[in-house]
Amino acid sequence: MATLTPYLPSLLGLDLPANLSIDWLSGAIDLVAVLLLALGIKGLSKVRSARGANQLAAAAMGLAVVGLLIDLNPSPTTWLWIAAGSAAGGLAGLITAQRVPMTAMPEVVALFNGCGGLASLLVALGVSLYDAEGSDLVGLISIAVSVFVGAITFSGSIVAMAKLQGWLDTPGWTQSPLRHVVNIALAVVCLIGAVLLPGDPGGLPLLLLTVGSTLLGIGVTLPIGGADMPVVISLLNSYSGVAAAAAGFVVGSQLLIVAGAMVGAAGLILTQVMCTAMNRSLVSVLFGGALGGTPAVGGGGSEAGYTRITSCSPEECAMALETAERVVFVPGYGLAVAQAQHALRELSKLLEANGTEVTYAIHPVAGRMPGHMNVLLAEADVPYEQLVEMDMINPEFPRTDVVIVLGANDVVNPDAKSDPSSPLYGMPVLEVDQARQVFVVKRSLGAGYAGIANALFELPQTAMVFGDAKAVLNGLLSELREMGVGKAKQKVAA
Ligand code: NAP
């Protein structure tokens with residue numbers, strides 16, 4: 001069993017016993033890292049613990065790198081490469097995290113998934129090209145899986161990111177059945193490459209497998225679009241875990257196998273949750289072509305399509321809020337665009353000071369990424385207990401005095417329940433149409449992500465308050481303050 005050479009302990013300033021084995025130490029660190037990662041993933045399932053869980057998972061990854069370095073025990077020159085790579089990657093991550101707006105997070109997640117896939121692909125390519133002699137059959141199968149899934153994840157994620165960013169449209173030909181023929185042909189090329197790989201790990205089979213799976217990633221992602229994109233992103237996240245697990249088998253890292261399997265499973269569960277929230281089957285997402293994301297034919301989402309719209313001023317809306325006992329806010333994508341979360345929190349506080357019961361209704365696909373509204377409202381310190389998930393809040397709407405829909409559209413569209421011809425039909429929605437009075441705050445009668453009209457806007461209990469969400473919320477705040485709302489109760493409390 002190898003013992004620690006002087007490099008690492010001296011670099012870390014450790015005074016370790018001479019007989020301490022590298023395997024023992026790196027194994028112990030790996031075990032702690034896996035436990036922390038598992039706890040981190042578990043913590044991400046609750047809004048309250050998600051922030052700490054993220055830090056826990058990041059610490060686990062840091063520990064995993066330390067464990068690997070102890071195991072590898074690199075030479076001083078290799079240390080320089082590792083340090084330079086870590087610094088470059090860390091800096092890129094830091095800049096991205098600070099600069100990217102919350103609304104662009106799905107693109108970032110897609111890019112990071114792609115980076116994960118590319119890393120696994122490169123590891124497998126490196127071993128296959130330069131170090132395949134020592135690999136047994138399991139090792140060679142792992143290389144094939146890692147190259148296949150890693151390349152699909154990489155190219156698919158880049159396409160997904162480009163589509164979300166608006167750099168790439170869904171080409172018309174990808175909606176024809178021909179695309180299935182092309183994808184099946186590419187899958188056959190990959191299979192041939194994988195079967196021939198053990199005979200010639202660094203030659204033509206590897207080239208066939210790599211090129212075939214890269215093109216296949218593009219071929220399966222390009223036709224998907226619109227409202228199906230979040231499902232694809234979470235599926236690609238799962239793939240990146242599978243690719244990492246396969247790369248773990250390639251390099252003999254138990255930690256990578258376990259961590260990759262956990263990410264793969266978590267991504268698959270998220271994919272299932274997203275499919276359920278949008279009432280789509282995974283098969284129809286992957287093979288059914290693009291859904292939504294374009295304006296409905298016949299001007300369904302255009303202003304001309306509506307005939308019975310009632311609009312009102314912030315002043316009228318403020319009067320309804322003043323007397324309401326129970327108010328539910330429904331945040332949507334437009335609230336994030338307007339960055340109006342802090343103004344919303346101010347308004348809630350004022351209403352609560354007036355004795356009003358305030359809650360926020362959270363739809364699983366509101367916004368543009370899973371948990372978007374939770375993150376947005378957490379930024380404004382909205383108490384977690386006021387965020388109510390769709391299944392819990394829906395039965396509460398009939399006894400709600402006022403619902404304020406803030407930049408949400410598709411997630412409150414009643415056609416999803418009642419109109420079988422609607423593209424949203426079957427998607428569970430927030431049943432705000434059951435409330436006594438509904439105010440919809442948005443800039444126009446324009447459509448949401450699905451590109452279709454919203455029957456909610458024409459209901460008798462609905463009034464539109466046109467304007468940017470932040471401007472309207474600030475307007476409501478001034479109106480309520482002018483009315484003296486909150487002051488009387490505050491005085492009593494004082
Ligand atoms: P939505 O249906 O996309 O509607 C957003 C509304 O916000 C628009 O109708 C827009 O109307 C309004 N808006 C934009 N900027 C505004 C501003 N500054 N102030 C006020 N309003 C503004 O949003 P949603 O109800 O949150 O539904 C989410 C949709 O995105 C679903 O279809 C979902 O499937 C899809 N999606 C979700 C995810 C996810 O993971 N959550 C990812 C991708 C796609 P105006 O232009 O008239 O203002």
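Student: How many positive and negative side chains does the chain have?
Tutor: There are 23 positive and 35 negative ones in this predicted model. The centres of the two sets sit 8 Å apart.

Student: And what supplies the exposed area?
Tutor: Carbon and sulfur atoms supply 65% of the roughly 23,400 Å² that the chain exposes.

Student: OK, what about burial: what share of the residues is buried?
Tutor: Of the 494 residues in the chain, 45% are buried.

Student: What's the secondary structure count, and what box do the C-alpha atoms fill?
Tutor: The chain has 19 helices and six strands. Along the principal axes, its C-alpha atoms fill a box of roughly 80 × 60 × 35 Å.

Student: What about contacts between residues far along the sequence, what percentage join residues at least 24 apart?
Tutor: Taking contacts between residues at least 6 apart in sequence, 77% join residues at least 24 apart.

Student: Since it's a prediction, what's the average pLDDT?
Tutor: The average is 87, and 91% of the residues score at least 70. Over residues 1–6 the pLDDT is below 50, and that stretch has 15 contacts in the model beyond near neighbours in sequence. Residues 292–302 also have a pLDDT below 50, with 24 contacts beyond near neighbours in sequence.

Student: Let's move to H10. How does its span agree with 1.5 Å a residue?
Tutor: Helix H10 covers residues 254–277, so its 24 residues should span 34 Å. The end C-alpha atoms are 35 Å apart, which agrees.

Student: Which of its residues are buried?
Tutor: The buried ones in H10 are Leu255, Ala259, Gly260, Met262, Gly264, Gly267, Thr271, Met274, Cys275 and Ala277.

Student: What covers them?
Tutor: The cover includes H2, helix H3 (47–72), helix H9 (229–251) and helix H11 (282–287).

Student: And what happens with phi just after H10?
Tutor: Asparagine 279 takes a positive phi there, about 55°. For background, most residues other than glycine have a negative phi.

Student: You listed H2 as cover. Where does serine 26 sit, and is it buried or exposed?
Tutor: Serine 26 is in helix H2, residues 22–43. Its relative accessible area is 6%, under the 20% cut-off, so serine 26 counts as buried.

Student: What does serine 26 touch?
Tutor: Leaving out residues up to four places away in sequence, serine 26 touches Gly67, Ile70 and Asp71.

Student: Same drill for serine 120: which helix, and buried or exposed?
Tutor: Serine 120 is in helix H5 (residues 105–130). With a relative accessible area of 4%, serine 120 is buried. Beyond residues up to four places away in sequence, serine 120 touches Ser146, Ala243, Ala244 and Ala247.

Student: Switching to tryptophan 167. Where is it, and is it buried or exposed?
Tutor: Tryptophan 167 is in the loop between helix H6 (137–165) and helix H7 (178–196). Its relative accessibility is 60%, over the 50% cut-off, so tryptophan 167 counts as exposed.

Student: What's it in contact with?
Tutor: Setting aside neighbours within four places in sequence, tryptophan 167 contacts Met161 and Ala162.

Student: How far apart are tryptophan 167 and cysteine 275 in space?
Tutor: They are 25 Å apart, C-alpha to C-alpha, and 108 residues apart in sequence. For serine 26 and tryptophan 167, the C-alpha distance is 44 Å, with their positions 141 residues apart in sequence.

Student: Now H14. How many residues does it have, and how far does it reach?
Tutor: Helix H14 (residues 341–353) has 13 residues and reaches 18 Å from first C-alpha to last, close to the 18 Å expected. Its buried residues include Leu344, Leu347, Ser348 and Leu351. Residues three or four places apart in an α-helix point the same way, because there are 3.6 residues a turn.

Student: Which residue just after H14 has a positive phi?
Tutor: Glycine 355, at about 90°. On the other side, glutamine 339 lies in the loop between helix H13 (333–338) and H14, and its phi is positive at about 50° although it is not a glycine. Glutamine 339 is partly exposed, at 36% relative accessible area.

Student: And aspartate 381, what's its phi, and where is it found?
Tutor: Its phi is positive, near 60°. Aspartate 381 is found in the loop between helix H15 (372–379) and strand S3 (387–389). With a relative accessible area of 61%, aspartate 381 is exposed.

Key. Residues numbered from 1 in each chain as written. Heavy atoms only, no water. Helix = DSSP H or I, 4+ residues; strand = E, 2+ residues; numbered from the N terminus. Buried < 20%, exposed > 50% of the residue type's maximum accessible area, 1.4 Å probe, protein only. Contact = heavy atoms within 4.5 Å. Areas by Shrake-Rupley, 256 points an atom, 1.4 Å probe, with all protein chains shown as cover. Lys, Arg positive; Asp, Glu negative; His and termini not counted. Charge placed at Lys NZ, Arg CZ, Asp CG, Glu CD. pLDDT = per-residue confidence, 0-100. Expected span 1.5 Å × (residues − 1).
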